[in-house]
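Biologist: I am new to this structure. Please take one part of it and look at it closely, then tell me about some single places elsewhere in the chain.

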Amino acid sequence: MTSNPYPLGLRLHGRRVVVVGGGAVATRRVPALLDAGADVLLVAPELTPALRARVDAGRLHWVSRRFVPEDLDGAWLVQVAVDDPIAAASVSAVAAERRVFCVRADDRTAATAWTPAVTRHGPVTVAVLGGGDPRRAMTVRDAVRDLLAVRLAPDGIAGPPDASTGTTGGMQAGRVALVGAGPGDPELITVKGWRLLTEADVVVADRLVPGLLLDELRPDVELVDASKIPYGPSRAQEEINQILVDRALAGAFVVRLKGGDPYVFGRGGEELLACAAAGVPVTVVPGVTSSIAAPAAAGIPVTHRGVAHEFTVVSGHLAPDAPASLVRWDALAGLHGTLVILMGLKNLAAITATLIAHGRSPATPAAVVQEATTGTQRVLRSTLGAVAAETLTADLRPPAVVVVGDVVNALGA
Ligand SMILES: C[S@@+](CC[C@H](N)C(=O)[O-])C[C@H]1O[C@@H](n2cnc3c(N)ncnc32)[C@H](O)[C@@H]1O
C-alpha cells in the first residue's frame, strides 16, 4: 500500500544523525547534513577522500567499522548509504525498533523517510518529492529553481512580478553587491552573481562586462554605464561611488557589475569603502578573473606541473620607468614562473625590454590573448623578445592579457 509522504523540515542543529556507509552516496549526503548543523556520526570501515577530509577537519565523527545497533543511541535520523541489502536491512530493523527514521539509498520502498530534491535560495528551501521517482523530483526542482532565481531575494520572498515596483519587493533594498561578471563569456558569471543581477533595481556596469548579461535585465532596471575606456575619457571613480551610495540610500538594490573579479585591478575595494563610509551594506561576489581565464581560454595553464611553481599577476598600465609605478620589474625578471600582465599592451615594448635587461631570456615563450572567452578572441604566440613588435603587426588591441613563461607552450604551441 502506498500513501502520500508527510513533508517536514527537520531542524537538525546539534542533533545526532548517523550515516552508515562511506562511499559515493554518503559523500553526497553528508554536506547537507553538516550544513543543517547536524552532529554527524559516520559508520563505515572506509571513507572516500572527500569524507576523510571532513573528518580530518573535525566536522564529523567517524567510527571505522561496520554498523552495530548501539550506533543509533541518541540518534534522531539514520541514513543508510551502503550497497549491501542485508546490511542495509539490518540498520533499518534497528532503526524501526528504536523509532528512528531511516533513509535508504538502496531501496526507497524499505525506507521510512525519503530525501527530496532540494533547491536553496537564501533562507528559503524548496524540497520536492517525486512520488518515489527521483528523476521526476529533480525535473520539478530544476524548474522551480529557475523560477525562483528570478523571483526570490536572498533575504526573503519578493512580491509577485507584477507587484514589483522597482525595489524587487523591497527585500534587497538599500544594498550594494559588487559582482564579478567574469572575463567575457556571459556564462562565466557565478551562479550567485547571476542571481543577484536578476534581482537588481540598478545595475552599474563597466565596459568590459559581457553585453549579453545586460541584455537579460528586466526592462524596469536602471542601467548606469560606468565605462572606463583604457587611455580614453573615464568617469571619475568618485562619481561611481556616489551613484552606488545615492541609489542604495534611496532604497534600491544596486549591483555593481565589474569585468573579471571585482578586486583584481577593479577598484572594488574603493567602492566597498565608499559604501561602508555611507553605512550601505555591501556583498562581494568574486568573479572569474581574466588573469587566469584568458590564458586558460588560449590553452595556457598558468601553472603546469614541472614547469611553473608560481604565477604573478601584474598591471602594465604604467611604464616601468614611471615614477608612480609600484611594480618591481627588475625583481619579476628574476622569477622563473609565469608572469601575467594586464593592461600591458601600450607599454609592452618597454615592459619586455625591461624584463630582458634584468635577465629574463628573450627566448622565453610569450603570448597575447585578446578578448578572451568571447567570439572574437585572438591569440598570438611569440617570445619575450618579439612579442611587442608582433603585437603591433597583428594589430592586437585591449582588452588583452600578456602571458610570459614556459607554460605558454606547455600544452603544445
Ligand atoms: C581594469 S582591468 C580589470 C581586470 C578584471 N577585474 C579581471 O579580474 O579580469 C582590465 C584588464 O583586464 C584584462 N582583461 C579583461 N577582460 C579580458 C578579456 N576578455 N580578454 C583579455 N584580457 C582581458 C585586460 O588586460 C584589461 O586591460
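Modeller: What follows starts with the largest pocket and a helix that lines it, and then turns to the whole chain and some single residues.

This is a predicted model, in which local features need pLDDT of at least 70 and side-chain atom pairs count only at pLDDT 80 or more, while totals for chains, interfaces and linings use all residues. Residues are numbered from 1 along each chain as its sequence is written, and side-chain values use heavy atoms, with hydrogens and water left out.

The largest pocket holds about 1800 Å³ of space. On a 1 Å grid over the protein atoms alone, a pocket is an open set of points where a 1.4 Å probe fits, with protein on both sides within 12 Å along at least five of seven lines; lining residues have an atom within 4 Å of a point. The volume is the space filled by probe spheres set on the points, which are joined across faces, edges and corners. There are 48 lining residues, and Gln 79, Trp 114, Thr 115, Pro 116 and Val 118 are those nearest the centre of the pocket. By class, the lining has 29 nonpolar, ten polar and nine charged residues. Here Ala, Val, Leu, Ile, Met, Phe, Trp, Tyr, Cys and Pro count as nonpolar, Asp, Glu, Lys and Arg as charged, and the others, Gly among them, as polar.

Elements that each supply at least two lining residues include strand E4 (75-80), strand E6 (117-121) and helix H4 (134-151). Helices (H or I, at least four residues) and strands (E, at least two) are DSSP runs, numbered from the N terminus. Helix H1 gives the largest share, six residues.

H1 (residues 24-35) also packs on helix H2 (residues 49-56), at an angle of about 30° and with the axes 9 Å apart. Axes are lines fitted to C-alpha atoms over the stretch in contact, and angles run from 0 to 180 degrees between N-to-C directions. On the H1 side the contact (heavy atoms within 4.5 Å) is made by Ala 26, Thr 27, Val 30, Pro 31 and Leu 34, and on the H2 side by Ala 50, Leu 51 and Arg 54. Six of these residues are nonpolar, one is polar and one is charged.

The chain as a whole has twelve helices and 19 strands. Of its 413 residues, 43% are buried. Buried means under 20% relative accessible area, exposed over 50%, and partly exposed in between, with a 1.4 Å probe and protein chains only.

Thr 338, in strand E16 (residues 338-342), is buried because its relative accessible area is 2%. Beyond its neighbours within four places in sequence, Thr 338 is in contact with eight residues named here: Val 302, Ala 308, Glu 310, Phe 311, Thr 312, Val 403, Val 404 and Val 407. Ala 250 is in the loop between helix H7 (237-249) and strand E13 (253-258), and counts as exposed because its relative accessible area is 69%.

The backbone has some points to note. Most residues other than glycine have a negative phi, and most peptide bonds are trans. Glu 371 has a positive phi, near 45°, and lies in the loop between strand E17 (365-370) and strand E18 (378-383). Thr 373, in the loop between E17 and E18, has a positive phi near 65°. Glu 371 is partly exposed at 26%, whereas Thr 373 counts as buried at 19%. The peptide bond from Pro 398 to Pro 399 is cis.
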